Amino acid sequence: MGQGSRRLIDCADVNLHYVSLWWLGAAFLDSSEQQDNLTESSGCAQAALFGPFQLIMKDGAEVLISNRRARAMLAMLCLAPDEPIDRDHLSRLLWPGRFEAQAKASLRQCLSDLGKLLAAADCDLLDISRSRIGLKAGAVRTDLSDLHDLLTEGKYLEATERLVSIGAIPLLDQMNYGEAFDDWLSVHRQQAEQRLESAVSVALSALEKVIIFLNMPDYPVFGRCDIPPPKP
C-alpha cells in the first residue's frame, strides 16, 4: 500500500466523527446526478486481482480454473483489460524454455480448455484473433477497477474500507512463470498502483478540504472554500 493510501485511511479514520457518508458521497461533487451507486456491471463476471486470482459469476459462484496457465492468462488480461496480448508473446511468457512450436501448441490447447470452461459457465469473455488475445469490452469487472471507480466517484469511505481490507496484498499473488513473466507482471503492477495513487491523491485532497471546512470556527459559512455547501 502506498503512502497516499495510508494517509487516506488515516485521514478518514480520524475524522469519521466529522464526516458523514452523505457528505462524502454526495455533497462535495459537482452534480448530484454523478452520485449514483457504481453502475452494475454489464459483464458476466467479477475478477479478484488482489491476492490469488479468482473469477466469480454474477450468482456468486466461482469459476474453478484448474489449468494454472489458463488461470494466469485470464488474470493477465483482467489486469490489463485494454491491452490485448500478442499470441507469440503470450506463449513465450507462459511457456518459457519450450520450443516455439510447442509453446504455440500449448497456448492453443490452453485457449480451447478455457473457452470450454467459460462457455459452460455462460460467460463469453475472450476476444481472440489469429494474432492477439484480449477481453471483450465490458465483459468483466475487477476489484481493482471497482476500487478506482469508488475513488474517482467520491465514495471515499467505501474506498477507504476497501483499502484497509486489501492492506499489503499484492496484485496477482502466487503467480510465477519465469523471469519474463515476472517482468511483465512487475510493470503492470506498477502501472495499476500509479493509477490508484493518483486517484488516492485526489481523494485525499478532497477529504482534507472537508476537514478544514468542518473545522472552521464560524462553520457553516459557505463560500470560504471551494467545496459547495450541502444541498437540502
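**Exercises: a pocket, a helix pair and confidence**

**Exercise 1.** Sort the lining of the largest pocket into nonpolar, polar and charged residues.

*Solution.* The split is 12 nonpolar, six polar and six charged residues. Here Ala, Val, Leu, Ile, Met, Phe, Trp, Tyr, Cys and Pro count as nonpolar, Asp, Glu, Lys and Arg as charged, and the others as polar.

Keep in mind that this is a predicted model: local features need pLDDT of at least 70 and side-chain atom pairs 80 or more, while totals for chains, interfaces and linings use all residues. Residues are numbered from 1 along each chain, and side-chain values use heavy atoms, without hydrogens and water.

**Exercise 2.** Work out which residues lie nearest the centre of the largest pocket, and which elements line it.

*Solution.* Start in the middle: of the 24 lining residues (an atom within 4 Å of a pocket point), Cys78, Pro81, Asp82, Thr142 and Ser145 lie nearest the centre.
Next, look for elements giving at least two residues each: helix 3 (68–79), strand 6 (140–142), helix 6 and helix 8 (179–214).
Finally, pick the largest share: helix 8, with five residues.

**Exercise 3.** Describe how helix 6 packs on helix 7.

*Solution.* First locate the pair: residues 143–152 make helix 6, and residues 156–166 make helix 7. Their axes are 8 Å apart, at an angle of about 145°.
Then list who touches (heavy atoms within 4.5 Å). Helix 6 brings Asp146, Leu147, Leu150 and Leu151, while helix 7 brings Tyr156, Glu158, Ala159, Arg162, Leu163 and Ile166.
By class, that contact has seven nonpolar, no polar and three charged residues.

**Exercise 4.** Find where the pLDDT (the predictor's confidence, 0 to 100) is below 50.

*Solution.* Begin with the whole protein: mean pLDDT is 79, and 72% of residues reach 70 or more.
Now the weak spots: residues 11–41 sit below 50, with 57 contacts beyond near neighbours in sequence. Residues 219–232 are also below 50, with 25 such contacts.

Technical notes:
Axes fitted to C-alpha atoms, helices over the stretch in contact; angles between N-to-C directions. Helix = DSSP H or I, 4+ residues; strand = E, 2+ residues; numbered from the N terminus. 1 Å grid on protein atoms, 1.4 Å probe; cavity = no way out; pocket = protein on both sides within 12 Å on 5 of 7 lines; lining within 4 Å.
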